[in-house]
Amino acid sequence: MAIFLDSSKIEEIKKYKAMGFVRGVTTNPTILLKEGVAGMAGVKARIIEIAKLLEPLPVSAEVTTNDSKRMMEEARDIASWAKNINVKITIHGPNGELDNLAVIHELETKENIRVNVTAMMSAQQCFLAAMAGATYVSIFAGRINNMGYDSVNEIRVLRSLLDGHKLKAQIIAASTREILNVVQWLQAGAHIVTVVPTLVDGMIVHPYSKETVKMFLDDAAKNR
Ligand code: G3P
């Protein structure tokens, strides 16, 4: 799986998808708001457009409520927009309400809806989400580092728990902050890193490669 884009910008997704390394896209309400996608109708249209562009690769779209009944309804609706859409649900409510795992469990085991459990900051949260049946567990590794904890260790522990218990969940390491995060988190055991597109250019371009390419082109010109 490896690299997803954390974006809802169509042109940006098209540009990097054409390069051949993109294996999926993740969005959330904050990304959509920042990118100027307005209202529920706007969100639906944008997510469907991304899903068509990516097909059959996965696209994550998040529910907008923390009420159990409405989460179930929204999840069913979002999942019906396209076959390759999975539904993002946070590990718990804004005040630590514990309803979400039951919703996740029901969607995955009774309704055949793939869930990406999100906003998680520790291996233990992700482990429980995986036990509940989640297809993806999103660990916000950049935010873990921001809090002064070691995201690499958290990912390593999580991968060993998932493998040891033969759980199907795939780890999505999210909230990239630095270019180094991508290879570091993949090497620590993340199945996927969802990357902010601006970091991708920094992964590709190297000053010494630039100098080398310039040398080749200059010498080729002298030889003409
Ligand atoms: O995919 C989750 C990601 O968008 C959260 O990133 O930068 O808000 O921590 P950030």
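# A tour starting from helix α6

Start by selecting α6, where Ala123, Gln125, Cys126, Phe127, Ala129 and Ala130 are buried. Buried here means a relative accessible area under 20%, while exposed means over 50% and partly exposed lies in between, with a 1.4 Å probe and protein chains only. Helices (H or I, at least four residues) and strands (E, at least two) are DSSP runs, numbered from the N terminus.

This is a predicted model, in which local features need pLDDT of at least 70 and side-chain atom pairs count only at pLDDT 80 or more, while totals for chains, interfaces and linings use all residues. Residues are numbered from 1 along each chain as its sequence is written, and side-chain values use heavy atoms, with hydrogens and water left out.

**Around α6**

Keep α6 selected and add α5 (100–110), β5 (115–120), β6 and α8 (151–164): the buried residues of α6 pack against these elements. Contact, in this tour, means heavy atoms within 4.5 Å. Now step just past the end of α6 to Gly133, which takes a positive phi of about 115°.

Go on to Thr135, in the loop that runs between α6 (123–131) and β6 (136–139). Is Thr135 buried or exposed? Its relative accessibility is 14%, so Thr135 counts as buried. Show the side chains of Thr135 and Glu108, which are joined by a polar contact of 2.7 Å. A polar contact is a pair of N or O atoms within 3.5 Å; within protein, one must be able to donate a hydrogen and the other to accept it, and residues adjacent in sequence count only if both atoms are side-chain atoms. Beyond its neighbours within four places in sequence, Thr135 is in contact with Glu108, Arg114, Val115, Lys168, Ala169 and Gln170.

**Ser7, in the loop after β1**

Next, select Ser7, in the loop between β1 (2–6) and α1 (10–17). With a relative accessible area of 0%, Ser7 is buried. Which residues does the side chain of Ser7 reach? One is Glu12, whose side chain makes a polar contact with that of Ser7 at 2.7 Å. Another is Lys9: its backbone nitrogen lies 3.0 Å from a polar atom of the Ser7 side chain.

Widen the selection to what touches Ser7. Not counting residues up to four places away in sequence, the list is Glu12, Ile13, Val25, Thr26, Thr27, Ile31, Glu35, Ile50 and Pro197. Add Thr194 as well: although 187 residues separate it from Ser7 along the chain, their C-alpha atoms are 9.0 Å apart.

**Thr65, in the loop after β3**

Move to Thr65, in the loop between β3 and α4 (68–80). At 10% relative accessibility, Thr65 counts as buried. The side chain of Thr65 reaches the backbone nitrogen of Asp67 at 3.0 Å. Leaving out neighbours within four places in sequence, the contacts of Thr65 are Arg70, Met71 and Glu74.

**Three backbone stops**

Most residues other than glycine have a negative phi, and most peptide bonds are trans. The next three places are worth selecting with that in mind.

- Glu55 and Pro56 are joined by a cis peptide bond, with omega of about 5°. Pro56 sits in the loop between α3 (39–54) and β3 (59–62).
- Ala119 is not a glycine, yet it has a positive phi of about 65°. Ala119 belongs to strand β5 and is partly exposed, with a relative accessible area of 27%.
- Ser175, also a residue other than glycine, has a positive phi near 60°. Look for Ser175 in the loop between β7 (170–173) and α9 (180–188); at 10% relative accessibility it counts as buried.

**The whole chain**

Finally, clear the selection and zoom out. How many helices and strands does the protein have? Its secondary structure comes to 11 helices and eight strands. The radius of gyration is 19 Å, close to the 17 Å that the globule rule gives for 224 residues, so the protein is as compact as a globular protein of that length. That radius is taken over C-alpha atoms, and the rule is 2.2 Å times the number of residues to the power 0.38.

Turn the C-alpha trace along its principal axes: it spans about 70 × 40 × 30 Å. Of the 224 residues, 46% are buried. Among contacts between residues at least 6 apart in sequence, 61% join residues at least 24 apart.
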